[in-house]
Amino acid sequence: MTVQRLHVSQRFSEIAISGNLVHLAGQLASDFDLDIKGQTQQTLDIIDQFLANAGTDKSHIMSVTIYLKDIERDYAAFNEVWDAWVADIQALPRTCVEAKLYDPRVLVELTVVAVKPE
């Protein structure tokens, strides 16, 4: 089976597709000066865009891994934005962990696995 890669740079690709399986690289906000709610919304908007590029959408997500810089401080605020994003679909499988991210200004990063509808 072949692998199609989209939004490819020298170091990584944002999207990998094999058959109907879609993997997104870790996604994060483009504006690191935003608070957790702002970064979360930007990240979810980017995920929506990349899923559309891959021919799918959030209702076809199989799993999400959520990395928060400070889970104690940011978990509730993250969930406010998340809950609004998933309000129109069934609850998604997810894992949420605290992690030291690559830049101290990054508050959240999400990794997504989805399928393309048949």
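Begin by selecting His7, which sits in strand E1 of this predicted model; at 40% relative accessibility the residue counts as partly exposed, because that value falls between the limits for buried and exposed. With the backbone of His7 displayed, look at its phi, which is positive at about 55° although the residue is not a glycine. Most residues other than glycine have a negative phi.

Next, select helix H1, residues 36–53. The 18 residues of this helix should span 26 Å at 1.5 Å a residue, and the C-alpha atoms at its two ends are 26 Å apart, so the expected and modelled spans agree. At the start of H1, show the side chain of Asp35, from which an oxygen reaches to within 3.2 Å of the backbone nitrogen of Lys37. Then move to the other end, where Gly55, just after H1, takes a positive phi of about 85°.

With H1 still selected, colour its buried residues, which are Ile36, Gly38, Gln39, Thr40, Thr43, Leu44, Ile46, Ile47, Phe50 and Leu51. What do the buried residues of H1 pack against? Their partners are the strands E1 (4–8), E2 (13–18), E3 (21–27), E4 (61–68) and E6 (108–115), together with helix H2 (71–85).

Add H2 to the view, and turn the model until both helix axes can be followed. H1 and H2 pack at an angle of about 35°, with 9 Å between their axes, and their crossing is right-handed. On the H1 side of this contact, select Ile36, Lys37, Thr40, Gln41, Leu44, Ile47 and Asp48, which meet Asp74, Ala77, Phe78, Glu80, Val81, Trp82 and Trp85 on the H2 side. By class, this contact of H1 with H2 comprises eight nonpolar, two polar and four charged residues.

Staying in H2, select Arg73, whose side chain is joined to that of Asp74 by a polar contact of 2.9 Å. A distance drawn from the C-alpha atom of Arg73 to that of Ala91, 18 residues apart along the chain, comes to 23 Å.

Lys58, in the loop between H1 and E4, is the next selection. Is Lys58 buried or exposed? At 15% relative accessibility Lys58 counts as buried, because the cut-off for that class is under 20%. The side chain of Lys58 reaches the backbone oxygen of Trp85 at 2.5 Å. Leaving out residues up to four places away in sequence, Lys58 touches Asp48, Leu51, Trp85, Asp88, Ile89 and Leu92.

Now go to Val106, in the loop between strand E5 (94–98) and E6, which at 1% relative accessibility counts as buried. Showing its surroundings brings up Leu28, Phe32, Gln39, Lys69 and Leu101, all of which Val106 touches when residues up to four places away in sequence are not counted. For a reference distance, Val106 and Ala25 are 81 residues apart in sequence, and their C-alpha atoms are 15 Å apart in space.

The last stop is Pro117, in the segment after E6, which counts as partly exposed at 42% relative accessibility. With its neighbours within four places in sequence set aside, Pro117 is in contact with Gly55, Thr56 and His60, and Gly55 is the residue with positive phi just after H1. From Pro117, a line drawn C-alpha to C-alpha to Asp31, 86 residues apart in sequence, covers 32 Å.

Note on methods: Residues numbered from 1 in each chain as written. Predicted model: local features only at pLDDT ≥ 70, side-chain atom pairs only at ≥ 80, totals over all residues. Heavy atoms only, no water. Helix = DSSP H or I, 4+ residues; strand = E, 2+ residues; numbered from the N terminus. Expected span 1.5 Å × (residues − 1). Buried < 20%, exposed > 50% of the residue type's maximum accessible area, 1.4 Å probe, protein only. Contact = heavy atoms within 4.5 Å. Polar contact = N/O pair within 3.5 Å; in protein donor to acceptor, adjacent residues only side chain to side chain. Axes fitted to C-alpha atoms, helices over the stretch in contact; angles between N-to-C directions. Left-handed = near helix turned anticlockwise from the far one by under 90°. Nonpolar A, V, L, I, M, F, W, Y, C, P; charged D, E, K, R; others polar.
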